[in-house]
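Good morning, and thank you for the time. I would ask you to have the sequence and the coordinates open while I speak.

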Amino acid sequence: MKIALFATCIVDAMYPQTARATVKILERLGHEVIFPSGQACCGQMHINSGYMDEALTVVANHVKAFEAETYDVAVAPSGSCVASVKHQHPVLAERCGDSALKARAESVGAKTYELSQLLVDVLGVKNAAEQLGSHFPHKVTYHPSCHGMRSLKLGDRQLDLLKSVGGITVADLPEADQCCGFGGTFSMKNADVSSAMLEDKTKNVNSTGASLCAGGDASCLMHIGGGLSRTKSGATTLHFAEILASTIDEPVSVTGAILVGKAGVR
């Protein structure tokens, strides 16, 4: 297949290794990956904050960027951004009275998948060790992000893929379905509540004894990673795409993951 990569803002700016891991996984399966050069922010932050007029321009740019390329499907290593593209974009266009943009946004959204959705539902990946050569000999726990869990209905797709990685030990995370407290601008507008939610999450991560907390949204992982660094537990966060991309011959550096997590806090 020809697959368009939707990198997302935070991955592009702070976690480019997650985008590279996504490309590695897809190319390992024999697919061609392209990068629509006109892409920028999807507008999720604008929409969630109520800046509808400003968001409309950003959404229109996203639609235009992905219409400009020929591809079979688009993929992003982010449940929240894919949820915005699939659900928020058409709703916003309709609310602003742009029926043509709504139809175009629906078309782009219908071809856009979160990474685990694409791997499991479209490409038929069930066993990461066998089909991707994934190998990660570490103990990890897993946090399911809210948008992936509630908006995209991802279920256990990400978790099942992690459990099928060679050499890995996956520890159950207590109260895994509870929000980490990030919520984009929520963490700034409601800092005290956000911090309390984060404290609960980091306590649960630390209780598992895992060295890493994996997940599918860089923003949540940045938030949790910041909280973990302040507890000085030694645990940090890592996107599940990087774990899937890790092999015996090309292992992901856990030390590098820790450095990234701390850099994200500063």
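I shall go through the aromatic contacts, then the helix packing, and finally some individual residues.

Please keep in mind throughout that this is a predicted model.

Let me begin with the aromatic residues. How many aromatic pairs does the structure hold? There are 2 aromatic pairs. In one of them, F6 and F66 meet edge-to-face, with 5.9 Å centre to centre and 80° between the planes. F6 belongs to the loop between β1 (2–5) and α1 (9–14), while F66 belongs to helix α4 (residues 52–67), so this pair ties together parts that are 60 residues apart in sequence. Both F6 and F66 are buried.

F66 also forms an edge-to-face aromatic pair with Y71, at 6.3 Å centre to centre and with 85° between the planes. F66 has a relative accessibility of 2% and therefore counts as buried, the cut-off being under 20%. Y71 is likewise buried, its relative accessible area being 7%. Taken together, F6, F66 and Y71 make up one aromatic cluster.

The ring of Y71 has a further neighbour to consider. K111 lies over the face of Y71, 4.2 Å from the ring centre. A second lysine is placed over a tyrosine elsewhere: the charged end of K86 sits over the ring of Y113, at 5.7 Å from the centre of that ring.

I turn now to the helices. Two packed helices are described by the angle between their axes and the distance between the axes. Helix α5 (residues 79–95) packs with helix α6 (residues 99–110) at an angle of about 175°, and their axes are 8 Å apart. That angle makes α5 roughly antiparallel to α6. On the α5 side, the contact involves V85, K86, H89, P90, A93 and E94. These meet L101, K102, A105, E106, V108, G109 and A110 in α6. By class, the contact of α5 with α6 has 7 nonpolar, 2 polar and 4 charged residues. K86, which takes part in this contact, is also the lysine whose charged end sits over Y113.

Next, helix α7 (residues 115–122). Is this helix mostly buried or exposed? In α7, 6 of the 8 residues are buried, so the helix is largely enclosed by the rest of the structure. The buried residues are L115, S116, Q117, L118, L119 and V120. After α7 comes G124, with a positive phi near 70°.

One partner of α7 is helix α2 (residues 16–28): the axes of the two come within 12 Å and cross at roughly 10°. The pair α2 and α7 is therefore roughly parallel. T22, I25 and L26 of α2 make the contact with L115, L118 and L119 of α7. By class, that contact has 5 nonpolar, 1 polar and no charged residues. L115, L118 and L119 are themselves among the buried residues of α7.

How do α12 and α13 pack? Helix α12 (residues 191–207) packs with α13 at an angle of about 70°, with their axes 9 Å apart. These two helices are therefore roughly perpendicular to each other. From α12, S194, L198, K201, T202, V205 and N206 meet H223, I224, G227, L228, R230 and T231 in α13. The residues of this contact divide into 4 nonpolar, 6 polar and 2 charged.

I close with some individual residues, beginning with backbone geometry. Most residues other than glycine have a negative phi. E175 is not a glycine, yet its phi is positive, at about 50°. Its place is in the loop between β6 (169–171) and α11 (186–189). E175 is exposed, with a relative accessible area of 51%.

K232 also has a positive phi, near 55°, and is a residue other than glycine. K232 lies in the loop between α13 (218–231) and β8 (236–239). With a relative accessibility of 74%, K232 counts as exposed.

The final point concerns N48, found in helix α3 (residues 44–48). At 45% relative accessibility, N48 counts as partly exposed. Which distances separate N48 and T185 in sequence and in space? They are 137 residues apart in sequence, and 8.1 Å apart in space, C-alpha to C-alpha.

Notes: Residues numbered from 1 in each chain as written. Predicted model: local features only at pLDDT ≥ 70, side-chain atom pairs only at ≥ 80, totals over all residues. Heavy atoms only, no water. Axes fitted to C-alpha atoms, helices over the stretch in contact; angles between N-to-C directions. Helix = DSSP H or I, 4+ residues; strand = E, 2+ residues; numbered from the N terminus. Parallel < 35°, antiparallel > 145°, perpendicular 65-115°, else oblique. Contact = heavy atoms within 4.5 Å. Nonpolar A, V, L, I, M, F, W, Y, C, P; charged D, E, K, R; others polar. Phe/Tyr/Trp six-rings, centres within 6.5 Å; stacked < 30°, edge-to-face > 60°. Buried < 20%, exposed > 50% of the residue type's maximum accessible area, 1.4 Å probe, protein only. Lys NZ or Arg CZ within 6 Å of the ring centre and 35° of its normal.
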